[in-house]
Amino acid sequence: MRHISRRTFLKLAAVSATAAALYESSGSILHALNLIDRATPPDDAVWVPSVCQLCPAECGLRVRVVGGLAVKIEGNLLNPNNQGRTCPKGQVGLQLLYNPDRLQAPLKRVGQRGEGRWQAISWNEAIEAVAARLRDVRLAGTAERTAFLYDRPPGLLGETIARFCRAMGTPNAIDARPDVRSQALFLTQGWDSQPGYDLDRTRYLLSFNFALLESAQPTVRLLRAYSFIRRGRPGDRGRIVQIEPRLSVTGIKADEWVPIRPGTEGALALGLAWVILRERLYDREFVDEHCHGFEEWSKAVLEDYSPAYVAALTSVPEETIKRLAREFAGMSPAVAVGGEAIDQQTNGLASQMAIHSLNALVGSIDVPGGVVMQRPPPLTPWPDVFMDDVTTQGLSQPRLDGPEHYRLARSAPHRLPEAIASGDLYPLEALLLYRANPLHDAPDPEAWRSALDKVPLIVSFDPFIEETSAYADYILPDHTFLERWIAAPLQPSLGYPVLAVGQPVVEPLYDTRAFGDVLIQLARQVGGGPGVSFPWSDYVKVLRFRVGGLVDSSRGSIRAATADEFWRELAARGVWFDSPYVFAGGEEGNPEAWEAVLTTPSGKFEFTPQAFDQREISATPPYYESPRYAGTEGEYPFHMQLYTLMAQATGPGAANLPHLHELYGLHVKRTWGNWVEINPETAHELGIANRDAVWVESPVGKIRLPARLYEGTQAETVNIPAGLGHTLGGQWAAGIGANPEHLVDRRRVDELSGLVARQGVRVKVYKAEVGD
Amino acid sequence: MAQDEETLLLSPLTRTSRGFGIFIALLVAVVLVGAAIYGYQWANGLSVTGMNRPVYMGIYIVNFVFFIGLAHSGTFISAILRLVGADWRKPLARAAEAITVFSVPFGAGSILIDLGRLDRMFNIFVHGRFESPLLWDVVSVSLYLLSSIAFFYLSLLPDIARCRDRLIDVPRWQHQMYRVLSLGWKDHPEQYRRLEKVLAAMAVFMSMLVIIVHTVVSWVFGMTVQPGWHTAILGPFFLVGAVFSGSGAVVVTMAVLRRIFHLEDVLTLKHFDYMRKLLIALTLVWLYFMVAEYLTTFYGQEVEEMLVFWQKFTGTYAIPFWVMFTLCFAVPLAIFLTRGKRSIGWMVAAGLIINVGMWLERYIVVVPTLTRPRLLSELTMGNYTPTWVEGVITAACFAGLLLLYALFTRFFPIIPIWERSEEVEAYLHEMEE
Amino acid sequence: MPKWGMVIDLDKCTGCQACSMACRVENNVSFAGPEQAEIGRAMFWQEVLDTEMHGHYPFLETQFVPRPCMHCEHPPCVKVCPVGATFQTEDGLVAMDYELCIGCRMCTIACPYAVRYFNWLAPRFPTPLEQALNPDVPVRPRGVVEKCTFCIHRLRAAQDRAEKEGRTLRDAEMVNLPACNQVCPAAARYFGDLEDPESTVSRLARSPRAFALLEELGTEPKVHYLTGE
Amino acid sequence: MTVGEILEKIFTTPGIGGIIAVVVLSSAVAIYVGLTRWILQGGREEAPPWERMGWPFE
């Protein structure tokens, strides 16, 4: 046996690297030399705090920087969100930073749209060119003709975009991915955000298609909560029931998987409510003191949702329904959690409300182990934007996507293609895109293309050329997240306010600019009202201004005499938080807090939301209706369920990270591309074998995928992981997998929430012939 | 023996037929192509093969085992039969030994072809750890190669001298070659006596070496704890297999020589009948080991073992497995018991079939085990399909073997002359008295 | 002399594969790409195995088993290495000397846990990806075998630090040792000294839930698992 | 050091295996060369004329 000291080990390191260099027939000598000198021990290693932006969870990071190069990402131990851990996505941030396919300077289109011929230009040119066009649109008194389409902007950038649009005088700040759960919470509790859950103390987790261990956020927090439920409380292992159409990783790790017909989760929730009401298992005290419209609601439920009826709707056995209801009511604290997939049905909002109502029934609202209301950090509010006539006039115009066509929608991106193409409302002069890639993420790319053709100016901020940015006239490439500042409030989870702050960990690799800075520069370049509304010279100034609120609050983990001191400390730690969370209910609960938790007109939990009445809604409690699917059962026998895997990052370049491709599908053993899960018996009847290439065809399109015979699939559903199937976006993104979004019929919409029923699609599956 | 027979035996050494020339040219071509393709593998690494994780060994290793096995034919015929004093072996002894001498290098070579870092080959001598079965292989195989060459060369000496003395009209360089290689052999009785002594002694040693070498080859696999490999029967089974394929090869050689050199009256049907009987015995022994191995596994029903077992019997490798069984047992036995009795053609067919079968057997030993490693998971469950690169290089190895063999027969008497000549017999007889 | 070991709680493990990813990034393992990965040439020193699905619909069960190198007390791979390229350090780690390896792959077929990987291809770090390489870890050339080292470079660095401060490593420091251990979002991993009866790992290794993979082979793995439920 | 330990060292110490290999093979070569010479030396008297040019095996 040999003792190998660190020094000799590193020597070996160096030598091996040399050997690698000498032996390599591939790989340039420079590259090899690089390997050699990198194999000497670093003395100048530093750790720089950052915030992960490969998914919306925005975990706190620490990046190891050696000789000006970022070499390893770890979690930020100080951040209560991820407590020093990361998910697999968090580990590969460096593959985004050092990605070979990044844009290296602003681009101006020279060829036809989408032809892919570009010319690199200077930032001044680019910004002046774009600003000039936007200015013209304003000066023509048609400010509303500029639209901004954005998708999950990191940190506070969403607010910045909103302010930019408001300052420009356009109502068209359009969220490409509207969210339904926050609407449900708004209707029932008056909170315009998603609910958080105090899972560490939850004893019974009733998950309706909630991807606890896959795509749900904040990812690491939820994984940690899972392990805490399992082993963090000696003698109390907790119980997790996963109700979902497919056996996900969560379902595998749950105590029980309850397969259910897609889109009927709401009905099941009401069925459980029926049992709880009928057997009087509900929390009378909470219902009496803190609920509104309970009588009306419970009457309706008891009339319509008997277990027998619900069993027929959902395919969940009557006995299971009764058992689950008793367990849920009996094992407190218990929470019912609705997953994102439920939003994406024609009855999404009603289902989410029904599920959330269960929490009220058993009094799990704002008690330890129950639902919590995520408090935002006390940031300094934005000052009002400068209102000149153009701005006022523009803001008074109707929105292009017409969310008002739906009872509760805030934006309806799926209506944009027609609105733009027809131009009936008003023609669109300029379209700005931040992290939104409708040609890949949205249904009906054809409609989008013809719409884009109608727009005189398209500007994208992607650091990569993806499907939609390829149609842009200008690409003003954003930094990757490791090169720019960011401040990100915590996603609904812990309840108490947390603000994670990230800073550039390395010098920008290329001639790119932080999107926040560019937005400000554009506004100032446009001049007039917009210029006035953005008095800050760059985005860091904006952040420091907003963080001022934390300083003044003189609360939380950082106390400092001066703003500068506070900022230095904040930058060094990478996070500020103000724990613990004060519950309104529970033993040592604080009754005053109820006002903050229940901000509905009635100041109570509203089973029958008054917000509905205000909007003249005819629907009656419990508002549930059976899902409507695209495609007939006869022609399209399968429900298509789309889901997102742990290894699926989001944002530009997210599909171009080779390491993530290589551990993509653990449970079906497939990497580098997605697949379609089919029930083994069904597949056998269709003559489809494992790994066969098959066509998945919906009323609006078809894609080719390898089949995976997966026992955890219901006979009448097929499941497809979404996020891949890019045609552009880099050497590891293009041509990997197929894109199921294009099977979605965007005319199937939840009439309440205005969200496209992405999960409400029927498909047929058949073996692909060789060659086609 | 009659002068004219000696002339007959030496005749091939004096002229090259056109057909022979073409044959040689072909072989050279194949070998060169193989060399080029190896260059390609060198440049691109083993990624050009079909090997992967967990199937870390492919047909290169199969060839290694096969060639070593083939080699044993020679030693078997000449050494072992020499020990039991079977005189009928005499005419074939050299033909058989030649197989040994020319196939062992390709066996050893296959291992080198399979190395990830051939450039570091000599680490084995600088840092060699004797605990590793690979070291045992290196030692035993090289020793075997050396010994076979010595054994072969010594038994060849007197005949080289004969060529030197008899073939005066061959090209000068050829005669020079004989002169040098004959090391000044003088046909002195004493030399014959000593030669006989040494050969007899070496025969004993070589016979033991055969057993050791092939057991050690099997231990490369047997010493690991992998299912299907970790069994003591592997060694003996490999040995029997080796002798089996070797003997098959001998039959083929006999027939070929008989045809080419018109040795109808030297290698008579009698000799083929000896081989036939021998092969019948070997076929049955082979079956015996087969049954012994798989019945034990099957009866034990150990989970991991059975995974490999079914891989062979009904799984991915069922076809090669059953083909192997047919070619190694059913078909040869049928031939030997029927047509083989009279027809040399059928005997040759059987000989070839046996060798194809034995190559498959090595494949069945090496690959299926690797496709079902102990730690069960589809991610670590392998498949293996050899690539064209492996195919070409394998072909080149076989071509190389044939080439060396053919060249040898062109320049040296493939049928021993001195061992069968009355004068020598007489000498040795005197000695005894 | 300590004996470094790991405990993995399968009940906590969520199969997220953060460990596999952290390991790859920390140890400069390059990706194989679609074609090579398809034929089983992707390298994961720390791989999450997914056992076959069993049970009857809808009561199906499978288990995610993170599998680093077991750093056996009696490693079959070390035995068969002809040149001592893989060897056991004094503190029981099974290490590799990439300089000696001749690429014969005896170790890869001898290891019953399939933890050893062969470099079929040269490592690929298309510029500028090579800038993210961890300077503490060598990049392995084509043709040699590589494997999990329990992040020996981190361990030695920590030991050197402790030595300077004139102390031995504390159990508390272990949380940052192997990259897989540091990253685990479910905190399902524990690393430490199995010789020290007080250390977390040795206490957990004594738990009634504890077991090791293929114990019957007598390799004495230093990675212990805790069963689910 | 006990016999067992010595044996273990012989098997496990890198390098010794190499030495064993070299020793075995080279001694084999030596022996075979020796034997050949011994055989040839049989009856060195009345050496034929072409032997006079001095051949190493004389």
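In chain A, the loop that runs between α27 (658-661) and β23 (676-678) contains K669(A), a residue that is not glycine and yet has a positive phi, near 55 degrees. This is a predicted model, and the points below gather its backbone features of this kind, followed by the contacts between its chains. As background, most residues other than glycine have a negative phi, and most peptide bonds are trans.

**Positive phi outside glycine**

- K669(A) has 16 C-beta neighbours inside 10 Å, and because a residue counts as partly exposed when this number lies between the limits of 12 or fewer for exposed and 20 or more for buried, K669(A) is partly exposed.
- In chain C, E220(C) also is not a glycine and has a positive phi, of about 50 degrees, and E220(C) is placed in the loop between β11 (210-211) and β12 (223-226) of that chain.
- With 15 other C-beta atoms within 10 Å, E220(C) is likewise classed as partly exposed.

**Cis peptide bonds**

- S579(A) and P580(A) are joined by a cis peptide bond whose omega is about -5 degrees, and P580(A) belongs to the loop of chain A between β20 (575-577) and α25 (594-597).
- In chain B, the peptide bond between R53(B) and P54(B) is cis, with omega about 10 degrees, while P54(B) sits in the loop between α2 (18-44) and α3 (59-83).

**Contacts between chains**

- Five pairs of chains are in contact, and among these pairs chains A and C share the most contacts.
- Chain A and chain D, by contrast, do not touch, and their nearest C-alpha atoms are 9 Å apart.

Terms used: Residues numbered from 1 in each chain as written. Chains lettered and ligands numbered in written order. Predicted model: local features only at pLDDT ≥ 70, side-chain atom pairs only at ≥ 80, totals over all residues. Contact = placed C-beta atoms within 7 Å. Helix = DSSP H or I, 4+ residues; strand = E, 2+ residues; numbered from the N terminus.
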